[in-house]
Every structure is written in C-alpha cells, then in structure tokens.
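Trainee: Before I use any of these coordinates, I would like to go through the structure with you, one question at a time.

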Amino acid sequence: MRSSVASLVVVTCCTGTSFAAVTIAGRFRMQRMQSFLVAAGLAAFLCGASPALGATAPTLVELKQFAILGSSTVTSAGIATIPNGDVGVSPGTSITGSFVLSPGFAQRTPLTGDAALLISAQNDASNASTNLLAQGPGTTILAQLGGTTRTPGVYSFTSTADIANNNTFTLDAGGDPNAVWIFLVGSAITANTGSNVVFLNGVGNPCNVFWRVVSDATLLGLNFPGTVIAGAGGAGSVTVGNGANLSGRAVSLTAAVTTSGTGQTIGGCSAAPGGGCPLITVNPATLPNGTIGTAYSQTITASGGAAPYTFAVSSGTLPPGLTLSAGGLLSGTPTTIGTFSFTITATDLIDCPGSRDYTIVIAAAGPAGGGPAGGPTLDSFGLAILLVLLAVAGVFAVNRFTS
Amino acid sequence: MGIETPRKPGLLFVARFLAALIVFYVVSALGPVNDHVVVPFTELVVSASAFLLRSVHQPIDVVGTVIRSPHFALDVRNGCNGVEAMMVLAAAMLAFPATLRSRLAGLLAGSAAIQILNLVRVGSLVWLGEHHREFFDFVHVGVWQSIVILAAVSMFVFWSWKFAEKPLAARS
C-alpha cells in the first residue's frame with residue numbers, strides 16, 4: 001500500500017458519547033498498526049476522562065415521604081415552609097420551631113406513634129447513602145462548583161464542596177427530564193449566600209439530584225435542588241439558611257437538621273403518605289389542527305400536582321416536524337399530511353403523572369397556507385373572455401364565408 | 001346536420017352558441033350526470049395528472065380528487081377538470097355552420113387538446129406548489145388561463161377556417 005491510509009477508530013464511551021480518532025498511517029502495515037493502537041489508546045484515554053458515569057436514583061422507600069428527617073433534633077429558628085413532605089426526627093424526639101406543612105403531611109417523632117416509620121425512614125436514608133457511595137467514585141471534580149456546569153452522572157469531591165457567594169452552579173440535563181446527578185462529598189458542603197443551583201434551560205428534576213455528604217451540609221444560597229444526606233461518614237448536620245429554597249429533602253443520619261433565620265422552603269419531592277398522587281390535569285383539552293408547512297406552537301400545561309411539571313409523549317406519534325419540549329411547548333412545522341393521535345403525560349416534581357389524549361389533523365397547504373388549493377381551469381373572468389372571443393371569432397368566420 | 005344559408009348568420013351563430021352553452025351547463029349540473037360522468041371524469045383527470053407527475057419522479061399521493069405532494073396539495077374540483085373549457089369550445093363548434101363530420105372531428109380534436117393541456121396544467125401547478133409556491137397564483141391565474149383561452153380560440157379559428165370553410169364555400 002503506497003498511499004496513505006486513514007484509520008477511523010470509533011469508540012463508544014460508557015457515557016453514551018462517541019469519540020472518533022482519525023489517524024493517517026504511513027505506507028507500511030506496521031506503521032498502520034501502530035497508528036491504530038495509538039488512536040485506540042487515545043480514544044480509551046479520553047473516554048476514561050469523560051465527565052460523567054451513569055447515575056441511578058436510589059430507592060427511598062419510607063424516606064420518600066419526608067422533606068426533613070433529622071437524627072438528634074430538628075429545629076426551625078423562624079418559619080420554614082414545607083410545601084410537600086413530613087418533618088421527622090429519629091432517634092431524637094425534638095422538633096422545635098415553626099414548620100408550615102401542606103395538608104396530609106405531619107411532624108413525626110417517636111413520641112407521636114411514628115417510631116417504626118421513622119426507624120424505617122432512617123434505615124432507608126442509610127441504605128440510600130450506601131447506594132450512592134457504591135455508584136462512585138465517578139468523576140472527581142474540584143471543590144468549587146460556582147461557575148461550572150455538570151452533565152448527569154456521578155461526581156466525587158476529595159474533601160469539601162463549595163459554591164461561592166453569588167455564584168451559579170448549573171446542571172445540564174442535556175434535554176433529559178429524567179437525568180440523575182449524584183454528588184459524593186468527601187467532607188462538608190457549603191452553598192454560600194446568594195449562590196444558586198439551576199437547571200440549564202429549566203430541564204431537570206430536583207428530585208433526581210442527590211448529595212451524599214460525609215459531614216455537614218450548610219445551604220445558605222438561594223436555590224439548592226436535591227436530596228441532601230448529611231452525616232454519611234460521622235457526625236454531620238444540615239443547616240438551611242435564611243430564605244433558602246431546598247427543592248428536595250434535608251436528611252441527617254447522625255445529627256440535627258436546622259433552619260437558621262427564617263423564610264426557608266424545604267421539600268417538594270415527597271409523595272403523600274401512602275404513596276398516593278393527586279389528580280394531575282393536562283390542558284388544553286384539545287389542540288388545534290395544523291397545516292403542512294405552517295409553523296405550529298401550542299403550550300401544554302398541567303395542574304393539580306407539585307410544579308414544575310415535565311411533559312413527554314407517552315404513546316402515539318406526534319405529527320412529523322413537531323416536537324414536545326420537557327417544558328410543554330409543542331412546536332415545529334408539520335411536514336406530513338395526516339391525522340395523528342398521541343398522549344401527552346405530565347409528571348410533577350414527585351413523579352405523579354397525569355395525561356391527556358390528543359388528535360391533530362395536519363392538512364395540506366394551499367398557496368396561502370390554507371387547505372388544498374383549488375385549480376379551476378378558467379375562473380369566471382377567464383370564462384367570460386373565452387366566450388366573447390369565441391363569439392367574435394365565430395361571427396367573423398360566419399360572415400366571411402357567407403358574404 | 002346539414003349546411004345552412006342564414007339571413008343573419010352572425011346573429012344566428014351567437015344564438016346557437018349561447019343555446020348550446022345553456023344546454024351543456026344544465027345537463028352537466030344534473031345530479032346523475034355530475035355523479036356518474038363529471039365526478040368520475042374528474043377522478044380520471046386526477047389519476048392521469050398523478051401518473052404524469054410520477055413519470056417525472058415526483059412523490060405524489062392521490063386521495064379522492066386531491067393530489068398530494070409532500071408539502072402541497074391541489075384539489076381538482078369540478079371547475080379544474082377542463083370540462084367547462086371543453087363545453088365552451090364544443091358549443092362554438094356546434095353553433096358554427098359545418099358538416100356533421102367536420103363538427104365531430106373538431107369536437108374530438110378540440111376536446112382532446114383541451115384535456116392534454118389541462119393535464120399539463122394540473123401537473124405543472126402541483127410541481128409549482130411543491131417547489132416554487134410563490135409563483136403558484138401567478139401561473140395559475142395569469143399564465144395558464146391565458147394559455148387555455150388562446151388555445152381554445154386558436155383551435156376554433158383554425159377549425160372554422162380550414163374545415164368548416166369548404167362546405168360553406170361550396171354551397172355559396
């Protein structure tokens with residue numbers, strides 16, 4: 001082989017992404033083999049350094065109904081709002097301060113007759129911690145999360161984790177509303193005042209974010225999503241600061257859960273006791289029909305559950321050209337004529353679903369984008385002209401031949 | 001029909017022309033005629049147009065009287081099948097003094113020409129709608145109507161001068 005040979009090595013990484021390494025080999029087989037090995041090695045190296053490994057949400061069982069679960073004490077210094085979930089403590093028995101609970105949820109201690117439930121919940125928290133650790137170490141990242149973006153996966157910190165004052169840490173779900181993030185913090189985590197943890201483009205479920213913290217978790221920022229399990233390696237408490245919003249749950253395996261200041265919102269990921277779901281209604285009741293080649297846009301909404309909702313097509317097929325975003329925007333430009341039936345399911349923050357069936361008729365486009373174009377051979381004006389011309393031609397011809 | 005020697009041949013031609021037109025329109029508007037002649041004929045036009053388009057590798061689908069391409073559809077309704085243009089031309093030929101043979105020849109040739117023209121027209125409009133929709137209205141209303149009108153008038157003039165001329169000339 002005298003000419004250069006290009007070897008294309010495609011390696012599918014464990015994260016599902018692909019890396020292609022192209023090498024130009026020389027004239028001889030040995031050189032080509034060497035190039036192949038170099039390319040394969042390079043691909044393997046890059047895959048090994050890929051940012052995330054697959055993460056799976058642990059099963060929370062009894063823990064799922066708690067927004068706050070402390071070990072020694074649970075204390076609210078001011079007024080904390082718990083939008084969805086119980087407040088519990090075990091084996092301690094002290095819950096002090098003011099927690100505003102949603103209907104159907106309660107404060108639970110071993111003294112309220114919930115000892116067995118609380119023990120189970122603490123065991124489930126411990127099991128979840130073990131499960132999270134077993135999925136590690138994943139990708140080891142630097143302590144400072146502020147200003148960074150992470151895709152779904154398992155991440156480890158050798159020691160502490162931190163989000164600096166007024167910094168934003170972004171979680172990029174890559175469009176997957178069911179994406180899962182697991183963070184294994186080797187020591188303590190601090191989300192400082194004014195910090196913010198957000199989902200890129202709003203896609204992502206706080207209930208699918210998990211923080212296993214060996215010691216303390218101090219959450220003073222504006223928004224912090226996920227289930228925080230502190231004290232996983234010894235004494236460790238959870239402190240939620242003034243006005244902070246923890247969209248998930250605060251759990252301490254070994255110490256206290258405390259709110260400092262006031263105005264916190266903690267919870268939103270807990271199923272109602274017994275695992276029941278509210279009736280979630282998807283709207284609108286019907287969708288307008290579309291026209292091929294004409295932009296189509298409708299917003300699907302949901303109500304009755306815990307916002308935010310994630311929307312997906314659960315059965316059937318959307319008209320080709322249309323897509324449904326996780327946020328509920330059905331949009332695009334239809335490319336195919338026909339009748340399309342499908343079901344859109346909305347899932348709320350705690351995975352409670354609601355759905356509605358839809359049918360959209362995509363009509364053919366006429367010249368003005370309406371229905372099928374008509375195509376009369378002659379319109380009234382054209383017909384009149386033809387009549388007159390034929391009459392005139394006929395009269396001339398007749399007169400000519402008879403004159 | 002024989003050959004006439006009218007006193008006011010021009011007026012008589014116009015009267016016959018209009019009378020024939022009225023008869024054609026009334027007959028074509030009758031329900032049974034529409035259902036069993038016009039509609040099947042329209043569907044035949046649709047099929048033939050679709051065949052024409054497929055022969056030039058256009059992806060065409062036919063549903064009833066609608067020709068669908070991937071991004072455009074044309075509904076070939078009653079007025080789109082060339083029948084009206086055929087009726088007008090036929091009325092003129094029947095009204096014109098000529099032998100039966102000349103009339104039959106004219107009717108057959110004229111109708112065939114109009115229909116061939118209409119097939120090309122429908123096919124070109126579907127192609128335009130799919131590929132250059134911005135020109136559809138102009139070509140549909142402006143270009144093709146003019147072509148059909150000119151073709152019909154030209155055929156009538158040609159026929160009346162070349163075929164109807166001899167019997168009239170011989171008689172006069």
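Trainee: In which loop is A:Asn166 found?
Mentor: This is a predicted model, and A:Asn166 belongs to chain A of it. The two elements that flank A:Asn166 are strands, and the loop that holds A:Asn166 is the one between strand E11 (161–163) and strand E12 (168–171) of chain A.

Trainee: What is the phi of A:Asn166, given that it is not a glycine?
Mentor: Most residues other than glycine have a negative phi. A:Asn166 is not a glycine, and yet its phi is positive, at about 60 degrees.

Trainee: Which residue follows A:Ser90 across a cis peptide bond, and in which loop is it found?
Mentor: Most peptide bonds are trans. The bond that starts from A:Ser90 is cis, with omega near 5 degrees, and it leads to A:Pro91. The loop in question lies between strand E5 (86–89) and strand E6 (94–101) of chain A, and the residue found there is A:Pro91.

Trainee: What is omega for the cis peptide bond that joins A:Asn283 and A:Pro284?
Mentor: A:Pro284 is found in the loop between strand E23 (281–283) and strand E24 (290–291) of chain A. For the cis bond that joins A:Asn283 to A:Pro284, omega is about 5 degrees.

Trainee: What is the strand order of the open sheet of three strands in chain A?
Mentor: Strand E25 (residues 296–299) of chain A runs antiparallel to strand E29 (residues 329–332) of chain A, with four bridges joining them, and A:Ser297 has A:Ser331 as its bridge partner in E29(A). Strand E28 (residues 322–324) of chain A also pairs with E29(A) in the antiparallel sense, over three bridges, and here A:Leu324 is partnered by A:Leu330. The order of the open sheet is therefore one that leaves E25 and E28 of chain A at the edges, each with a single partner strand and one side without a neighbour in the sheet. Written out for chain A, that order is E25-E29-E28.

Trainee: Which residue in the turn of the hairpin formed by E28(A) and E29(A) has a positive phi?
Mentor: Four residues lie between E28(A) and E29(A) in this hairpin. The one with a positive phi, of about 100 degrees, is A:Gly328.

Trainee: How do helix H3 (residues 83–95) and helix H4 (residues 100–131) of chain B run relative to each other, parallel or antiparallel?
Mentor: Two packed helices are described by the angle between their axes and the distance between the axes. For H3(B) and H4(B) the angle is about 160 degrees and the axes are 10 Å apart. Angles over 145 degrees count as roughly antiparallel, so H3(B) is, relative to H4(B), roughly antiparallel.

Trainee: How many nonpolar residues does the contact of H3(B) with H4(B) have?
Mentor: H3(B) contributes residues including B:Met86, B:Leu89 and B:Met93, while those from H4(B) include B:Arg103, B:Leu107 and B:Ile114. The residues of this contact include three polar and one charged, and the number of nonpolar ones is eight.

Trainee: What is the handedness of the crossing between helix H2 (residues 31–55) of chain B and H4(B)?
Mentor: H2(B) and H4(B) pack at an angle of about 60 degrees with their axes 9 Å apart, which makes H2(B) oblique to H4(B). Among the residues in contact are B:Val45 and B:Leu52 of H2(B) and B:Val122 and B:Trp127 of H4(B), and by class the contact has eight nonpolar, three polar and no charged residues. The crossing of H2(B) past H4(B) is right-handed.

Trainee: Which element gives the largest share of the side of chain B that touches chain A?
Mentor: The contact takes 46 residues from chain B and 30 residues from chain A. Among the elements that give two or more residues to the chain B side are helix H1 (9–29), strand E2 (66–69) and helix H5 (136–162). The largest share, 12 residues, comes from H5(B).

Trainee: Over which residues at the start of chain A is the pLDDT below 50?
Mentor: Chain A averages a pLDDT of 79, and 82% of the residues score at least 70. Where pLDDT is low, the predicted coordinates should not be read in detail. In chain A the pLDDT is below 50 over residues 1–51.

Definitions and conventions. Residues are numbered from 1 along each chain as its sequence is written. Chains are lettered from A and ligands numbered from 1 in the order in which they are written. This is a predicted model: local features need pLDDT of at least 70, side-chain atom pairs count only at pLDDT 80 or more; totals for chains, interfaces and linings use all residues. Axes are lines fitted to C-alpha atoms, for helices over the stretch in contact, and angles run from 0 to 180 degrees between N-to-C directions. Angles under 35 degrees count as roughly parallel, over 145 as roughly antiparallel, 65 to 115 as roughly perpendicular and the rest as oblique. Two residues are in contact if their C-beta atoms, placed from the backbone, lie within 7 Å. Ala, Val, Leu, Ile, Met, Phe, Trp, Tyr, Cys and Pro count as nonpolar, Asp, Glu, Lys and Arg as charged, and the others, Gly among them, as polar. Two strands pair if DSSP finds at least two bridges between them. pLDDT is the predictor's confidence in each residue, from 0 to 100. A crossing is left-handed if the near helix is turned anticlockwise from the far one by less than a right angle, and right-handed if clockwise.
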